[in-house]
Amino acid sequence: TPVVLHYQCVNHGYMGNSVNVNSNPLMTPQSSPIVAMAANSVDCSLGNMFTKTITGATTFTFDNVPSGVEFSFTMEVTLNGSNAITWPASVKWNADTAPTLTDGKTQLFMFLTTNGGTRWRGSALVDYVN
């Protein structure tokens, strides 16, 4: 959109005006640091992209969730061994079923909350080749 947007009536010649349009800062490209997780806590205050390699059964927690705003993050998990993931009870999956995972593959999980983490919507893209 141009900075000055002119408009004119289609039925009346020379009837129109202009409006000044400023950029919308909410529509700018977004980037976030990639956080390599050392522990099994997703610390939401650190960013929106997390990576973790697991080699055994793992229980994740979501901590420091901002409130009063929409918050979402992506998590890339590489499975190296016999793995099972336990998610927080607040995560709701499609059809109320967590995705089935394949060992030796990489998984992408996306989570979104609109109420400070009381409820998360989870989705997954699974079984990428490492």
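Is Trp 120 buried or exposed, and at what relative accessibility? Trp 120 counts as buried, because its relative accessibility is 1% and the limit for buried is under 20%. This report works outward from the whole chain to that ring and then to several loops. The model is predicted.

## The chain as a whole

The chain has 12 strands and zero helices. Read along the sequence, strand follows strand: β-β-β-β-β-β-β-β-β-β-β-β.

How does the radius of gyration compare with that of a compact globule of 130 residues? The chain has 22 Å, whereas such a globule would have a value near 14 Å. The C-alpha atoms fill a box of roughly 75 × 30 × 30 Å along the principal axes.

Of the 130 residues, 27% count as buried. The accessible surface comes to about 8400 Å². Carbon and sulfur atoms account for 53% of that surface. Contacts also reach along the sequence. Among those between residues at least 6 apart, 52% join residues at least 24 apart.

The charged side chains number 5 positive and 7 negative. The centres of these two sets lie 6 Å apart.

## Aromatic rings

A pair of aromatic rings is described by the distance of the centres and the angle of the planes. How many aromatic pairs does the count give? The count comes to 15 aromatic pairs. One of them joins Phe 71 and Phe 73. Their centres are 6.3 Å apart, and their planes meet at 40°, which makes the pair tilted. Phe 71 and Phe 73 are both buried.

Phe 73 also pairs with Trp 120. Here the centres are 5.4 Å apart and the planes stand at 75°, so the pair is edge-to-face. The angle decides this, because planes over 60 degrees apart count as edge-to-face. Phe 73 lies in strand β8 (residues 71–79) and Trp 120 in strand β12, so the pair ties together parts that are 47 residues apart in sequence. Phe 73 has a relative accessible area of 2%, so it counts as buried. Trp 120, at 1% relative accessibility, is buried as well.

Ring pairs link a wider cluster. Its members are Phe 50, Phe 60, Phe 62, Phe 71, Phe 73, Trp 87, Trp 93, Phe 109, Phe 111 and Trp 120.

## Ser 90 and Arg 119

Ser 90 sits in the loop between β9 (85–86) and β10 (91–93). Why does Ser 90 count as buried? Its relative accessible area is 19%, and buried means under 20%, so Ser 90 falls within the limit. Leaving aside neighbours within four places in sequence, Ser 90 is in contact with Gly 117, Thr 118, Arg 119 and Trp 120. Ser 90 thus touches the tryptophan of the opening question.

Arg 119 belongs to the loop between β11 (105–113) and β12 (120–129). Arg 119 counts as partly exposed, at 33% relative accessibility. Beyond its neighbours within four places in sequence, Arg 119 is in contact with Ser 90, Lys 92, Leu 112, Thr 113 and Thr 114. The C-alpha atoms of Arg 119 and Ser 32 are separated by 23 Å. Those two residues are 87 residues apart along the chain.

## The loop between β10 and β11

Ala 95, Asp 96 and Thr 102 have their place in the loop between β10 and β11. Their accessibilities are set out here.

| Residue | Relative accessible area | Class |
|---|---|---|
| Ala 95 | 66% | exposed |
| Asp 96 | 65% | exposed |
| Thr 102 | 34% | partly exposed |

Most residues other than glycine have a negative phi. Ala 95 has a positive phi, near 60°. Asp 96 has a positive phi of about 55°, although it is not a glycine.

Which residues is Thr 102 in contact with, leaving aside its neighbours within four places in sequence? They are Leu 79, Gln 107 and Asp 127. The C-alpha atoms of Thr 102 and Asn 83 are separated by 8.4 Å. Along the chain, Thr 102 and Asn 83 are 19 residues apart.

Key
Residues numbered from 1 in each chain as written. Predicted model: local features only at pLDDT ≥ 70, side-chain atom pairs only at ≥ 80, totals over all residues. Heavy atoms only, no water. Helix = DSSP H or I, 4+ residues; strand = E, 2+ residues; numbered from the N terminus. Rg over C-alpha atoms; globule rule 2.2 N^0.38 Å. Buried < 20%, exposed > 50% of the residue type's maximum accessible area, 1.4 Å probe, protein only. Contact = heavy atoms within 4.5 Å. Areas by Shrake-Rupley, 256 points an atom, 1.4 Å probe, with all protein chains shown as cover. Lys, Arg positive; Asp, Glu negative; His and termini not counted. Charge placed at Lys NZ, Arg CZ, Asp CG, Glu CD. Phe/Tyr/Trp six-rings, centres within 6.5 Å; stacked < 30°, edge-to-face > 60°.
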